[in-house]
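Welcome! Have a look at the chain below and take a moment to turn it around before reading on.

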Amino acid sequence: MSAPAPPWLTVDRAVVSIALVYPMRGPAGMFGPTCELCAQLAVEEINRSGGVLGREVRLVPVDGGAPPAEVAAEVEALVSVGAVQGVTGWHISSVRQALAPRVAHRVPYVYTALYEGGERTEGVFLTSETPDAQLWPAMRLLAREQGVRRWFVVGNDYVWPRRTARAAQRYALRGGGQVVGLHFLPLDAHDFTEVLRRIEHSDADGVLMLLVGADAVRFNRAFARSGLDQRCLRLSTLMDENMLLASGAGATRRLYSTAGFFAGLVTQENLDFHGEFVRRFGVEAPPLGSLGESCYEGVMLLAALIGQARTLDVRAIETAADTVAYQGPRGRLRLRQRHVRQRIYLAEADGLDFTVLAQL
């Protein structure tokens, strides 16, 4: 006798099921728990308010840390049998590139990770930062305030770091500086000997980190042990509070991060978000950060898109998208050309916390 199917594989017309694609393994797996809890918090808030189209919202977890082709095949199978009616979550760009062509024309897909820019696939909606609005203003400010002119770029070897590095080369030249070195490492990197040697022998005064999760944590520790933090500041466009905590206070000197959300932002919306998160999951829950918070927004935006269109049809959702707004920890946000318009900040690590220095 075969085992019963998981409950989320049962097609229930009274439920809107959303595939939540987030990392459960690999270097990004360290902030997977925060992604899951933030998305669950959003679902519970939506359901208390009547759900979507009068139907309860339910999450279907998918491991976004698996190889991209496997993730795409699993989500496509869920869509094909009618087990999910939408997709959201934080996962790397390689997963998005494999997934979008297979599902985005069939169900709405809200991608919540910062990315390299340029996504135009029908049915894909994006909540997070792109280099033109995030990296360029941060490099410009650090050049002006800290005198950084010579950048060394270290990143993982896939589409987001490589395309962002090319953008960084343009931005450095535009600001009167230059990128003096590039080095790419495989995901789940542990040995930073060669890249640290190259940075030491360069004349870099700034290091742009385009590393994911635990890779960035291990690099921070190795960078501090080498003493290079005495000479070079670091800037990351992917560094949240979970990664800061894992790096340790001794590895965060002169470390800057740029993002649309920091846990320490003092706004009423953020204070309310923290209060609800702690009330629901307790003080021992994983720290809030931009990556987990993005999954809360992903669910909220997906619900708003469906609610505004009053249908699950992706073409109708696309047509109505530019009229959609939603409320979240970053205030009230709107879509423009399927990207969320947002404020972006620069913060400096202070031990195990971030101090927000400026809105970019």
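Here is a short briefing on this structure, topic by topic.

Please keep in mind that this is a predicted model. The tour begins with an open sheet of 7 strands, moves on to a nonpolar core of 130 residues, and then visits some helix pairs and two loop residues.

**The open sheet**

- Strands of a sheet pair through backbone hydrogen bonds, and they can do this in a parallel or an antiparallel way.
- In what order do the 7 strands of the open sheet stand? Their order is 7-6-8-9-10-14-15, and the pairing is mixed.
- Strand 7 (178–185) and strand 15 (353–359) are at the edges; each has a single partner strand, so one side of each has no neighbour in the sheet.
- On average, neighbouring strands of this sheet are turned by 25° against each other, with direction ignored.
- Helix 4 (residues 131–146) lies across several of the strands, including strand 6, strand 8 and strand 15. Helix 4 runs at about 160° to strand 9 (233–236). Since an angle over 145 degrees counts as roughly antiparallel, you can place this value on that scale yourself.

**A closer look at strand 8**

- Strand 8 (residues 206–210) runs parallel to strand 6 (residues 150–156), and 5 bridges join the two.
- Two residues show how this pairing works out: Phe152 has Val207 of strand 8 as its bridge partner, while Val154 is partnered by Met209 of strand 8.
- Strand 8 is also joined to strand 9, by 4 bridges, and these two run parallel. Here Leu208 stands opposite Leu235 in strand 9.
- Is strand 8 mostly covered or mostly open? Strand 8 is mostly covered, with 5 of its 5 residues buried.
- Gly206, Leu208 and Leu210 point one way from the strand, and Val207 and Met209 point the other way; all are buried.

**A hairpin**

- Strand 11 (residues 325–328) and strand 12 (residues 331–336) run antiparallel and are joined by 4 bridges.
- Together, strand 11 and strand 12 form a hairpin, with 2 residues between them.
- Within this pair, Gln327 stands opposite Arg332 of strand 12.

**The nonpolar core**

- In soluble globular proteins, nonpolar side chains tend to be buried together.
- The largest nonpolar core has 130 residues. Which residues have the most contacts inside it? They are Trp90, Trp151, Phe219 and Leu235.
- Helix 10 (residues 290–309) supplies the largest share of this core, 12 residues.
- Leu235 is a good residue to click on: leaving aside residues up to four places away in sequence, its contacts include Leu135, Ala138, Met139 and Leu142, as well as Trp151, Val207, Leu208 and Tyr256.

**Helices that pack together**

- Two packed helices are described by the angle between their axes and the distance between the axes.
- Helix 6 (residues 193–201) and helix 7 (residues 214–226) pack at about 45°, and their axes are 11 Å apart. This angle makes helix 6 oblique to helix 7.
- Helix 6 passes helix 7 in a right-handed crossing. Val195, Leu196 and Ile199 of helix 6 make the contact with Phe219, Ala222, Phe223 and Ser226 of helix 7.
- Helix 2 (residues 68–80) and helix 3 (residues 93–103) pack at about 30°, with axes 8 Å apart. Helix 2 and helix 3 are therefore roughly parallel to each other.
- The crossing of helix 2 and helix 3 is right-handed as well. Among the residues making the contact are Val71, Ala72 and Val75 of helix 2 and Val95, Ala98 and Leu99 of helix 3.

**Two loop residues with a positive phi**

- Most residues other than glycine have a negative phi.
- Asp188 is not a glycine, yet its phi is positive, at about 70°. Where is Asp188 placed? Asp188 is in the loop between strand 7 and helix 6.
- Asp188 counts as partly exposed, because its relative accessibility is 44%.
- Gln337 is not a glycine either, and its phi is positive, at about 50°. Gln337 lies in the loop between strand 12 and strand 13 (339–341).
- With a relative accessible area of 62%, Gln337 is exposed.

Technical notes:
Residues are numbered from 1 along each chain as its sequence is written. This is a predicted model: local features need pLDDT of at least 70, side-chain atom pairs count only at pLDDT 80 or more; totals for chains, interfaces and linings use all residues. Side-chain values use heavy atoms; hydrogens and water are left out. Two strands pair if DSSP finds at least two bridges between them. Axes are lines fitted to C-alpha atoms, for helices over the stretch in contact, and angles run from 0 to 180 degrees between N-to-C directions. Contact means heavy atoms within 4.5 Å. A nonpolar core is a set of buried Ala, Val, Leu, Ile, Met, Phe, Trp, Tyr and Cys residues joined through side-chain atoms within 4.5 Å. Buried means under 20% relative accessible area, exposed over 50%, partly exposed in between (1.4 Å probe, protein chains only). Angles under 35 degrees count as roughly parallel, over 145 as roughly antiparallel, 65 to 115 as roughly perpendicular and the rest as oblique. A crossing is left-handed if the near helix is turned anticlockwise from the far one by less than a right angle, and right-handed if clockwise.
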